[in-house]
Amino acid sequence: MAENKKVDVKKVAEEAKKATETVKATAEKTAETVKASAEKTAKKATATAKKATTTAKKATAKKTTKKVVATKSAVLQFAGEDFKVEDVIARAEQAFKAENKRKAIQDIKVYLKPEERAAYYVVTSGESEYAGRIDL
C-alpha cells in the first residue's frame with residue numbers, strides 16, 4: 001500500500017519560493033535579451049531607411065535638374081495668309097545688313113502692317129537709328 005511520508009511544509013514552501021525566483025530571474029534575462037535584440041533591429045531598420053531616403057533624394061535631385069526649354073513662335077494670320085514673325089524679323093535684319101554692311105545691330109523693332117502687306121523696322125546701331133520697309 002501507499003506509504004505515508006512525513007512532508008515538511010516549510011521546506012516545500014521554501015523550495016517553491018526559490019523556484020519562483022529562478023523563473024522570474026530567467027524571465028527578466030530573456031526579456032532584456034529580447035529588448036536588446038529589438039533595439040538592434042530598430043537601429044538597423046532606421047539606418048536602412050536613412051540610406052533609402054538619401055538615395056531617393058539623390059534620384060529626385062538628378063531628375064529635377066533637367067530644365068525643359070519651351071519653344072516660342074509667333075504667327076500673324078491676315079486675309080488667309082500666315083506670316084511667321086521670326087522670319088519677318090530675320091528678313092528685316094538682312095535688309096538692314098544689305099544697306100549697312102559695316103553697322104552692328106544693337107536693337108531692332110519690327111512693326112507689322114498686314115493691311116499694307118509690309119513690315120517697317122527701326123534698327124539702333126551705336127548712337128544712330130535706321131528705318132526701313134520690307135514687303136511681306
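## Strands, a ring pair and three salt bridges

Asp 107 has Thr 124 in β4 as its bridge partner. That's a handy way into this model, which is predicted. Let's follow the strands outward from there.

**The strands around β4**

Strand β3 covers residues 107-113, and seven bridges join it to β4 in an antiparallel arrangement. Another of the pairings links Val 110 with Tyr 121 in β4. The two strands make a hairpin with four residues between them, and in that turn Arg 117 shows a positive phi of about 50°.

What does β4 pair with on the way to the next hairpin? It pairs with β5, again antiparallel, over eight bridges. Thr 124 turns up here too, since its bridge partner in β5 is Glu 129. This hairpin leaves two residues between β4 and β5, and Gly 126 in the turn has a positive phi of about 65°.

So is β4 enclosed or open? Six of its eight residues are buried, so the strand is largely enclosed by the rest of the structure.

**Ser 125 and its neighbours**

Now look at Ser 125, which sits in β4 (residues 118-125). Ser 125 counts as buried because its relative accessibility is 9%, and the cut-off for buried is under 20%. Its side chain reaches the backbone oxygen of Ala 104 at 2.7 Å. Leaving aside residues up to four places away in sequence, Ser 125 touches Phe 96, Lys 103, Ala 104, Gln 106 and Tyr 130.

Two of those names, Phe 96 and Tyr 130, come back as partners. How many aromatic pairs are there? The count comes to one. It is Phe 96 with Tyr 130, tilted, with 5.5 Å from centre to centre and 55° between the planes. Phe 96 belongs to helix α2 (residues 85-99) and Tyr 130 to strand β5 (residues 128-135), so this pair links distant parts of the chain, 34 residues apart. Phe 96 is buried, at 1% relative accessible area, while Tyr 130 is partly exposed at 22%.

**Salt bridges**

Side chains of opposite charge can pair when their charged atoms come close. How many salt bridges does this structure hold? There are three, and here they are:

| Salt bridge | N to O distance | Relative accessibility |
|---|---|---|
| Arg 117 and Glu 81 | 2.6 Å | Arg 117 36%, Glu 81 33% |
| Lys 113 and Glu 116 | 3.2 Å | Lys 113 30%, Glu 116 36% |
| Arg 133 and Asp 135 | 3.1 Å | Arg 133 45%, Asp 135 49% |

You've met Arg 117 already, in the turn between β3 and β4. Its salt bridge is with Glu 81. Why does that pair tie separate parts together? Arg 117 lies in the loop between β3 and β4 while Glu 81 is in strand β2 (residues 81-84), so the two ends are 36 residues apart in sequence. Both Arg 117 and Glu 81 count as partly exposed.

**One more stop: Ser 73**

Is Ser 73 buried or exposed? Ser 73 is exposed, with a relative accessible area of 62%, whereas Ser 125 is buried at 9%. Ser 73 is placed in the loop between α1 (9-64) and β1 (75-78). Its C-alpha atom is separated by 7.5 Å from that of Val 85, which is 12 residues away along the chain.

Terms used
Residues are numbered from 1 along each chain as its sequence is written. This is a predicted model: local features need pLDDT of at least 70, side-chain atom pairs count only at pLDDT 80 or more; totals for chains, interfaces and linings use all residues. Side-chain values use heavy atoms; hydrogens and water are left out. Rings of Phe, Tyr and Trp (its six-membered ring) pair if their centres lie within 6.5 Å; planes under 30 degrees apart count as stacked, over 60 as edge-to-face and the rest as tilted. Buried means under 20% relative accessible area, exposed over 50%, partly exposed in between (1.4 Å probe, protein chains only). A polar contact is a pair of N or O atoms within 3.5 Å; within protein, one must be able to donate a hydrogen and the other to accept it, and residues adjacent in sequence count only if both atoms are side-chain atoms. Contact means heavy atoms within 4.5 Å. Two strands pair if DSSP finds at least two bridges between them. A salt bridge is a side-chain nitrogen of Lys or Arg within 4 Å of a carboxyl oxygen of Asp or Glu.
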